[in-house]
Amino acid sequence: MPRPAFQLYNTMTRAVGPIVPLDPAGKRVTLYVCGPTIYDYAHIGNFRTYVAGDLLRRALKHFDYQVDHVMQFTDVDDKTIRGSREKNLPLREYTAIYREAFLKDAKELNIQVAERTPNATEHIPAMIALIQKLVDKKAAYVSDDGSVYFRINAFPKYGCLCHLDLANLMTGARVSQDEYEKEGVGDFVLWKKWVAADGDVGWDSPWGKGRPGWHIECSALSMEHLGSQIDIHGGGTDLRFPHHENEIAQSEAATGLPFVRHWFHVEHLLVDGQKMSKSLRNMYTVRDVLQRGYSGRELRYALLSGANYAKNLNFTWQGMDDARTALARIDEWHKRIKAAATGATAADESAASLNLFQSIDEAIAQDLNINDLLGTLFTWIRTSNKALDEGTLTPPQALAYLQAWDRLDAILGLGEVAVAIPPEVQTLIDERAAARQAKNFAKSDELRKAIEALGWKVKDTAKGQELSKS
RNA sequence: GGCGGGGUAGCCAAGUGGUAAGGCACGGCUCUGCAAAAGCCGAAUACGUGGGUUCGAUUCCCGCCCUCGCCUCCA
């Protein structure tokens with residue numbers, strides 16, 4: 001039976017459609033996801049986007065694509081400059097702190113880091129070259145203040161991604177009143193002229209000392225690393241406008257080629273039904289979540305399963321508890337099925353024909369339908385647990401489930417992380433085993449308490465004691 | 001004003017032109033020195049609303065209500 005084609009919603013066309021790679025061999029897929037501005041710790045809303053991007057990346061690999069994935073770090077902008085000045089650190093040192101923090105948090109969430117994660121400031125010459133090209137083509141102009149702007153009138157398709165009718169924009173909404181140096185209100189900055197507040201941050205350019213605008217970064221980095229055209233470009237939904245719209249304009253005005261084939265946007269995370277904001281005190285970082293005693297994989301599960309990537313996801317602590325319980329159920333099953341598969345040399349074909357693999361393919365091929373996938377998983381769990389209870393599951397059948405799980409988890413990224421048992425806990429466990437052997441239950445209970453005090457939970461099963469981190 | 005996303009049991013959430021996955025919570029049972037956990041089973045009179053099309057609509061069409069976004073800082 002042929003595998004289904006991987007289909008993904010495309011914001012540009014507003015339809016779910018297959019990924020058709022530019023690669024003539026149809027193997028390599030180029031993926032660019034707009035990365036964070038590293039001026040502070042990223043919050044869980046940011047990470048929802050990156051977890052979704054990771055899901056996409058893993059799904060592509062599941063369908064045997066060779067993924068070439070780039071994510072930039074924005075390490076120069078108003079906020080990074082302000083932060084570094086406040087902390088009295090050179091910009092590079094200041095942003096390095098948050099770059100590392102991001103990577104650490106991403107690891108906590110089992111996010112596969114992109115093949116390349118350039119910092120924007122490592123590619124200033126590419127940005128200058130791109131801007132020069134736009135100036136040469138009269139798609140950009142130098143304003144009276146010495147900054148360079150993109151002229152959106154030079155790009156008739158402007159608004160195509162967001163389906164905006166420029167004549168219909170809400171008048172006066174958030175258009176700054178004082179930007180009279182621009183020809184049109186929609187024109188956006190490509191190169192920002194140095195000002196005193198920038199301190200020692202600045203690069204020489206044909207238009208004098210300054211720094212790149214935000215939008216040009218992604219175009220320049222995408223083109224430099226992946227070529228003039230790419231397959232998939234993604235990010236948070238808020239980037240659709242103006243960021244991605246501007247990327248299209250400046251990229252296509254420069255190259256004359258369609259910039260991106262498939263646009264992938266991730267909806268926002270809400271907390272307790274509300275937008276995250278500092279004033280509501282509901283803005284959590286990954287660290288905050290870990291500090292509350294949850295694990296990265298519990299957060300990953302909550303971010304993946306809370307809603308399809310294209311819908312708002314409401315983060316709650318109740319949701320984290322639900323995630324914890326559901327994950328524990330998966331873990332229990334995994335242990336059981338693994339034990340049951342011991343000794344099997346080959347998976348049972350008839351068990352495999354329960355369409356285990358096919359149901360994985362079908363769910364994920366349909367616009368990353370993660371909840372359908374989880375529904376399938378929990379149905380396997382119930383079915384195989386029942387067979388285990390009844391003693392009717394053979395080792396080769398168990399192996400079939402185990403193999404299906406491995407394949408599934410390559411997408412979910414939820415595999416249990418083995419935790420080393422500290423020696424002092426191991427000592428108590430050994431003592432307890434002896435006490436239990438001697439039917440000294442008073443001592444056994446005492447030792448259980450001692451183990452709990454060290455942060456571990458012990459439970460008694462038919463096969464002896466089982467430890468888990470509490 | 002323009003454009004778009006939602007409204008499915010107590011909570012979260014898939015999905016389909018033929019009366020609806022899954023998770024959490026809940027109840028029963030099994031297991032168990034106790035505890036905890038786990039497993040199995042179960043219940044739920046769940047598709048915002050008014051029309052229309054249809055043999056049949058939660059699903060398609062029209063209207064309405066509610067809700068959340070975006071419309072030049074933002075994942």
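**Exercise 1.** Which residues does Ser251 touch, not counting residues up to four places away in sequence?

*Solution.* Keep in mind that this is a predicted model. Start by placing the residue: Ser251 sits in helix 6, which covers residues 240-255. Then go through its contacts, skipping residues up to four places away in sequence: you end up with Ser219, Met223, Gly256 and Phe259. Last, check accessibility: Ser251 has a relative accessible area of 0%, so it counts as buried.

**Exercise 2.** Work out whether Tyr149 is buried or exposed, and list what it contacts beyond four places in sequence.

*Solution.* Tyr149 belongs to strand 6, residues 148-150. Its relative accessible area is 5%, and the cut-off for buried is under 20%, so Tyr149 is buried. Now for the contacts, leaving aside neighbours within four places: they include Tyr141 and Ser143, Glu181 and Lys182, and Asp187 through to Leu190. For a look across the model, take Arg436, 287 residues away along the chain: its C-alpha lies 77 Å from that of Tyr149.

**Exercise 3.** Lay out the sheet that holds strand 6, and explain why strands 5 and 8 each have a side without a neighbour.

*Solution.* First, the order: this open sheet has 4 strands, running 5-6-7-8 with antiparallel pairing. Strand 5 (140-142) and strand 8 (210-212) are at the edges with a single partner strand each, so one side of each has no neighbour in the sheet. From one strand to the next, the twist averages 20°. Next, zoom in on one pair: strand 6 and strand 7 (residues 188-193) pair over 3 bridges, and Val148 has Trp191 as its bridge partner in strand 7. Finally, add helix 4 (residues 124-136), which packs on the sheet and touches strands 5, 6, 7 and 8, its direction making about 120° with that of strand 7.

Conventions
Residues are numbered from 1 along each chain as its sequence is written. Chains are lettered from A and ligands numbered from 1 in the order in which they are written. This is a predicted model: local features need pLDDT of at least 70, side-chain atom pairs count only at pLDDT 80 or more; totals for chains, interfaces and linings use all residues. Side-chain values use heavy atoms; hydrogens and water are left out. Helices (H or I, at least four residues) and strands (E, at least two) are DSSP runs, numbered from the N terminus. Buried means under 20% relative accessible area, exposed over 50%, partly exposed in between (1.4 Å probe, protein chains only). Contact means heavy atoms within 4.5 Å. Two strands pair if DSSP finds at least two bridges between them. Axes are lines fitted to C-alpha atoms, for helices over the stretch in contact, and angles run from 0 to 180 degrees between N-to-C directions.
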